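This report goes through one protein chain, from its salt bridges to its cores and surface.

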Amino acid sequence: MTQPSGVIDPQFPNHVCELQRALYGLKQAPHAWFDRLSNFLLSCGFFFCSLVDPSLFIRHSDQGVLALLLYVDDILLIGSSSILVNSFIHTLSQEFSMKDLGPVHHFLDVVISLTSGGLHLSQSHYALTILERSHMVNCKSMSTPLDIKLQPFVSAPSLADPSYYRGIVGALQYITLTRPDLSYRVNYVSQFMHAPTTAHLKLIHRILQYLKGTLSTGLHLTSNTSLTLSGFSEVDWAACPTTRRSTTGYCIFLGSNLISWCAKKQHTISRSSTEAEYRAMSHTTTELTWLSYLLSDLHIYGSPSPTLYCDNISALYLTINPVFHVRSKHIELDYHYVYERVARGLLVTKHIPSTHHVADLFSKSVPKATLA
């Protein structure tokens, strides 16, 4: 180390400056920390970092399997045996200053509770924090987060200070990590972040009232299930009354466990319901492919090919029929991707009746009975 140019002390040229307080962290600090830790993990037998998730490190050995998930300085470590986990924790503590918090109970504001048959994930404390922040702790609870039929808001006055609206919506986006029933609703209100009105604020209050009555609701993962990967794809065609774009909704199960879901407005207008449904199938296929690679890295093998369910017959025919027609000639890229996966035997598509379609929850508002 040398003294910086311009502040060299002629009496003590070999001395260095002592940093009393750092106002800002170095921009390269996160990269340096990740590089330091990843190199150590690779030297400990974690021979590869997952290509589908750079923060996931996996070690396969004769003694068993270790998987380490890293988020900045929070580490989640799982293994096939407690002896293997404790041994690596001891190795890790010798290299870094760390604190072992024992069996997992909290991770990134997610409460993880052990049950007799698996795990229960919830964000009840985080949800209560949102209610306190929005001054709605004592509000009256609602049985549904949004009305089934939503109308465009053309005459409502704009909010004088939209920061409150944007802050609450941003907080609600993170709670969808364990609340799939809020995914479509939060996605809907987030579309008005640029210019929210008083009518949009009422929608936020409605969601918070629903959240108040369902604080204990979370995601249950059971251990007694198969390893079959299956997806459900659904779309609400031309749902947006302003732009007439469709809303894509999908959910993916590993056995009976819901592990991935999405509610998102499509980027372009679809000229037919077949086109909209096929675009949704393409997004779902992409997620199924990503999860297949992730399970392969963990050496988890279930069925040879995931199954994708859709309630649109025309879109299903496109997955096996290479002939384009007038309603589908504008979706060549999506078509070729899904058709190729089906043709290679890496994906199976099946029809499901609309009355049994679980992905409706992610594409439109549903009645109270469906939420229950």
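A salt bridge is counted here when a side-chain nitrogen of Lys or Arg lies within 4 Å of a carboxyl oxygen of Asp or Glu. By that criterion the structure, which is a predicted model, holds three salt bridges.

| Salt bridge | Closest N to O distance | Burial |
|---|---|---|
| Arg-36 with Glu-95 | 2.5 Å | Arg-36 partly exposed, 39%; Glu-95 partly exposed, 35% |
| Arg-179 with Asp-181 | 3.0 Å | Arg-179 and Asp-181 buried |
| Glu-275 with Arg-279 | 2.9 Å | Glu-275 and Arg-279 buried |

The bridge between Arg-36 and Glu-95 links distant parts of the chain: Arg-36 sits in helix 1 (residues 29-43) and Glu-95 in helix 2 (residues 82-95), 59 residues apart. Arg-36 counts as partly exposed because its relative accessibility is 39%, and Glu-95 falls in that class because its relative accessible area is 35%. Partly exposed covers the range between the buried limit, under 20%, and the exposed limit, over 50%.

Glu-275 and Arg-279 both belong to helix 7 (residues 273-297), where they are four residues apart, about one turn of the helix. An α-helix has 3.6 residues a turn, so residues three or four places apart point the same way. Both Glu-275 and Arg-279 are buried. Arg-179 and Asp-181 are buried as well.

**Overall build**

The chain has 10 helices and 13 strands. Its C-alpha trace spans about 80 × 60 × 50 Å along the principal axes. Of its 372 residues, 42% count as buried. The chain exposes about 21100 Å², with carbon and sulfur atoms supplying 58% of that area. Among contacts between residues at least 6 apart in sequence, 67% join residues at least 24 apart.

**Cores**

The largest nonpolar core has 43 residues, and those touching the most other members are Tyr-165, Leu-172, Ile-175, Val-189, Ile-204, Leu-208 and Cys-251. Elements giving two or more residues to this core include strand 6 (110-114), helix 3, helix 5 (183-189), strand 10 (247-254) and strand 11 (257-265). Helix 6 provides the largest share, seven residues. A second, separate core of 22 residues includes Val-52, Ala-67, Val-338 and Leu-347.

Which residues does Tyr-165 touch, not counting residues up to four places away in sequence? They are Leu-159, Val-189, Phe-192, Met-193, Pro-196, His-200, Leu-201 and Ile-204.

**Helix 3**

In helix 3 (residues 124-133) the buried residues are Tyr-126, Ala-127, Ile-130 and Leu-131. Seen down the axis of helix 3, these residues fall within an arc of 145°, so they line one face of the helix. Helix 4 (163-175) and helix 6 (198-213) are among the parts covering them. After helix 3 comes His-135, whose phi is positive, near 60°.

**A nonpolar surface patch**

In soluble globular proteins, nonpolar side chains tend to be buried together. Ile-313, Tyr-317 and Ile-320, however, form a nonpolar patch on the surface, with about 320 Å² of accessible area together. Ile-313 is found in helix 8 (residues 313-318). Why does Ile-313 count as partly exposed? The class of Ile-313 follows from its relative accessibility of 39%.

Technical notes. Residues numbered from 1 in each chain as written. Predicted model: local features only at pLDDT ≥ 70, side-chain atom pairs only at ≥ 80, totals over all residues. Heavy atoms only, no water. Patch = residues over 30% accessible without salt bridge, like charges linked within 9 Å, V, L, I, M, F, W, Y side chains within 5 Å. Areas by Shrake-Rupley, 256 points an atom, 1.4 Å probe, with all protein chains shown as cover. Buried < 20%, exposed > 50% of the residue type's maximum accessible area, 1.4 Å probe, protein only. Arc of directions from axis to C-beta. Contact = heavy atoms within 4.5 Å. Core = buried A, V, L, I, M, F, W, Y, C linked by side-chain atoms within 4.5 Å.
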